[in-house]
Amino acid sequence: MAIDLPLLDVFGEARFVEAFAADRTIGAWLDVEVALARAQAEAGVIPDSAAETIRVELESVEIDHEQLEEGARLVGYPILPLLQQLGRSHPDVASWLHFGATTQDIMDTALVILLRDACRGIAHVGVELGDTLAALAESHRATPMAGRTHGQQAVPITFGMKVAGWLEEIARSLARLGEARAAAEVVQLYGAAGTSAAYGPLSAATRRRTAEILGLGCDDVPWHSVRDRLAQVAAGLGVLAAATSRIALEVIDLARSEIAEVREGGGRLAGASSTMPQKANPILSETIVGLSGMAGALAAVPLRAMTGRHERSAGEWQMEWDSLPLLVAYTGSSLARCGDLVAGLYVDRARMAANLDIDGGLIMAEALMIRLAPLLGRQEAHDVVYDLSAAARDSGVPLAEAARSFLADRGLAEQADLEPASYLGEAEAIVDTAVERWRSARRPEV
């Protein structure tokens with residue numbers, strides 16, 4: 001009986017939810033068996049005719065999933081029941097199929113094939129998101145808004161600068177995932193306890209040729225219980241998912257009624273409430289937070305799977321069977337939904353400008369202090385502006401007004417001109433750097 005997963009069922013990206021579907025997984029197992037037989041035939045380990053028969057027969061074979069599951073439940077692993085089923089339905093392949101291999105050889109090699117393909121798909125979706133973020137950052141390169149620290153207004157920034165930070169984090173996360181994925185693309189063909197004894201004297205050549213046929217790397221050190229490379233892939237997926245969550249959470253904050261600087265796109269009833277007709281909840285952002293939160297939890301499981309002892313683990317390996325496919329599904333889906341969010345995001349420039357003045361211009365207090373520091377000294381300037389800010393807040397007048405008489409008495413009246421757009425520092429240059437870096441280096445790397 002299948003388990004309903006409402007979050008993935010409704011908001012999941014099909015290509016990632018189905019990346020490890022039963023047909024694909026079994027197909028990958030059979031691809032490894034066919035490649036192994038071909039490599040062994042080329043090396044003279046098994047007859048050419050046997051390898052050709054295996055290739056032809058397995059190309060169109062139909063596997064009884066229910067029978068396979070029953071056998072796996074009894075044996076504990078699916079490969080022996082698969083071989084038994086093939087032996088019954090295709091007895092002409094049974095003599096040489098799986099020659100010298102062990103269950104984990106086939107399943108691990110198939111796993112890295114499926115991970116490779118899924119992570120390449122994630123990279124493709126990530127590039128689309130990166131392009132959208134770059135365009136959004138450019139279009140708001142000089143759009144002033146309140147920068148916020150500790151949940152409070154701090155100093156002016158631009159919205160483009162904020163988006164540049166999102167872009168950089170996504171870009172680095174994609175690059176790290178790509179590096180981890182490439183390192184993990186290694187065949188597992190070492191036999192029962194990693195010695196390759198059953199593969200015979202041509203084991204190394206057979207392993208290398210099988211890897212070449214499958215488009216994978218090859219290592220002459222077995223990794224049946226050495227799982228750090230898969231844990232790195234899992235970590236890369238978890239970090240990428242967390243990066244999408246940060247974007248979504250900022251959108252949720254900026255879309256609050258009291259701030260209202262951005263809002264999600266969508267048609268009629270998008271984010272609607274069943275009882276409050278006025279509501280337009282940031283439901284897409286909330287979905288991303290949920291998907292990425294699940295990915296983060298699952299990313300920890302392969303770390304536990306690293307603790308398998310001796311030449312074959314005793315239960316740790318099985319943790320990867322569910323966690324890695326689900327991790328791919330949740331991460332890929334969070335990334336795809338983040339792409340939808342950014343592509344449809346509405347940015348309210350007027351509201352951003354209004355919010356810069358919402359606290360009586362106190363967001364410019366640092367700017368005023370920096371202007372006065374060369375004239376009064378840094379510490380005195382800080383104390384003066386602190387007192388002026390407190391007076392402005394208590395009296396309800398803008399900071400510029402509270403400061404004007406104090407500055408005029410000292411011949412510094414011109415310092416009271418506190419325009420947020422004049423205090424953006426490197427904000428626009430930061431956008432330029434992030435966008436140029438994405439297009440010239442990060443994107444090609446991904």
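This report covers two buried residues and the largest pocket of a predicted model.

Residues are numbered from 1 along each chain as its sequence is written. Local features need pLDDT of at least 70, side-chain atom pairs count only at pLDDT 80 or more, and totals for chains, interfaces and linings use all residues.

**Two buried residues**

Gly130 sits in helix H7 (residues 103-139). Helices are DSSP runs of H or I, at least four residues, numbered from the N terminus. Glu185 lies in the loop between helix H8 (159-184) and helix H9 (203-214). Buried means under 20% relative accessible area (1.4 Å probe, protein chains only). Contact means heavy atoms within 4.5 Å; the table leaves aside neighbours within four places in sequence.

| Residue | Relative accessible area | Contacts |
|---|---|---|
| Gly130 | 0% | Leu167, Trp438 |
| Glu185 | 10% | Val112, Arg116, Arg120, Leu216, Gly217 |

Glu42 is 88 residues from Gly130 along the chain, and their C-alpha atoms are 44 Å apart.

**The largest pocket**

The largest pocket has a volume of about 1400 Å³. Of its 36 lining residues, Phe20, Ala22, Trp321, Asp322 and Pro325 are the closest to its centre. A pocket is an open set of points on a 1 Å grid over the protein atoms alone, where a 1.4 Å probe fits, with protein on both sides within 12 Å along at least five of seven lines; lining residues have an atom within 4 Å of a point. The volume is the space filled by probe spheres set on the points.

Helix H13 (316-343) is among the elements that give two or more residues to the lining. H13 gives the most, with 7 residues. H7, the helix of Gly130, also gives two or more.

How values were computed: Side-chain values use heavy atoms; hydrogens and water are left out. Buried means under 20% relative accessible area, exposed over 50%, partly exposed in between (1.4 Å probe, protein chains only).
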